[in-house]
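Here are a few notes to read alongside the model, for anyone opening it for the first time. Keep the viewer handy and follow the points in order.

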Amino acid sequence: MLTPELQTARLILKPLVSEDATQIQRIFPRWEIVRYLVASVPWPYPDNAAQNYVDNVALAAMRTGKGWFWTLRRKENADELMGVICLMDTPDNNRGFWLVPEWQGMGYMTEACHVVTDFWFNALERDVLRAPKAVANDRSKRLSQRSGMRLVRLQKGEYVSGTLETELWEITREKWNQLHH
């Protein structure tokens, strides 16, 4: 299934396109964004890294039906990218996201996760969504808790900031629809 445009009360989630790499390159390379991302994110972030990621990782996954990637934009300023959220057909890692620090703590990622998770379960008809996160990533953990996810296991994970204790969170389609519909 193609990646559709999605909307929330305050956000437009536009499918990622190659041209978004310019804005991503400008706003993404900050320690407070990358520290809890997977270790495959290059750090320090090279000049061409966003274009390479968008064209060769994200868009490639979108073309093969293994990934769905959106840019997050406020409806009041739809030209300005503030983050990215994605769904991936990868065992134990189905959803990932980042948001620039100046927009964190305002509920934007909660809105984005809600609409994207609903798409995963009710458009893609998946049975379970799993998301790993560093134990130290309190904001991401609270988002999972508030949405009804449950902790299924602890493990080690490799992040830009090093090897960290990692929690794997999950929610089933049945539980999601019971809580959110």
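The points below go from the annotated region to a helix, a hairpin and a few backbone details.

1. A word on what you're looking at: this is a predicted model. UniProt, in an unreviewed entry, lists residues 10-150 as "domain: N-acetyltransferase". Over that stretch the chain is 35% helix and 24% strand. The C-alpha atoms at its two ends sit 27 Å apart.

2. Have a look at helix 3, which covers residues 49-63. With 15 residues, helix 3 reaches 20 Å from first C-alpha to last, close to the 21 Å expected at 1.5 Å a residue. Don't expect a ruler-straight axis, though: helix 3 bends by about 25° at Asp55.

3. Which residues of helix 3 are buried? Ala49, Ala50, Val54, Ala58, Leu59, Ala61 and Met62 are. These buried residues pack against strand 2 (11-15), helix 1 (21-27) and strand 3 (67-74).

4. Now check what flanks helix 3. Ahead of helix 3, in the loop that links it to helix 2 (31-34), you'll find Pro44. The peptide bond between Trp43 and Pro44 is cis, with omega at about -5°. After helix 3 comes Gly65, with a positive phi near 75°.

5. Next, the hairpin. Strand 7 (residues 150-159) and strand 8 (residues 162-172) run antiparallel and are joined by nine bridges. Two residues lie between the strands of this hairpin. To pick out one pairing in the viewer, find Leu151: its bridge partner is Trp169, in strand 8.

6. Two loop residues deserve a click for their backbone angles. Asp92 has a positive phi, near 60°, and is not a glycine. Asp92 belongs to the loop between strand 4 (81-88) and strand 5 (95-99). Is Asp92 buried or partly exposed? Asp92 counts as partly exposed because its relative accessible area is 24%, and buried would need a value under 20%.

7. The other one is Glu125, again a residue other than glycine with a positive phi near 60°. Look for Glu125 in the loop between helix 4 (108-122) and strand 6 (128-134). Its relative accessible area is 57%, and exposed means over 50%, so Glu125 counts as exposed.

Definitions and conventions: Residues are numbered from 1 along each chain as its sequence is written. This is a predicted model: local features need pLDDT of at least 70, side-chain atom pairs count only at pLDDT 80 or more; totals for chains, interfaces and linings use all residues. Side-chain values use heavy atoms; hydrogens and water are left out. UniProt positions are given in the numbering used here, feature names are shortened, and annotations may be inferred rather than shown by experiment. Helices (H or I, at least four residues) and strands (E, at least two) are DSSP runs, numbered from the N terminus. The expected span of a helix is 1.5 Å times one less than its number of residues. The bend at a residue is the angle between axes fitted to the seven residues ending there and the seven starting there. Buried means under 20% relative accessible area, exposed over 50%, partly exposed in between (1.4 Å probe, protein chains only). Contact means heavy atoms within 4.5 Å. Two strands pair if DSSP finds at least two bridges between them.
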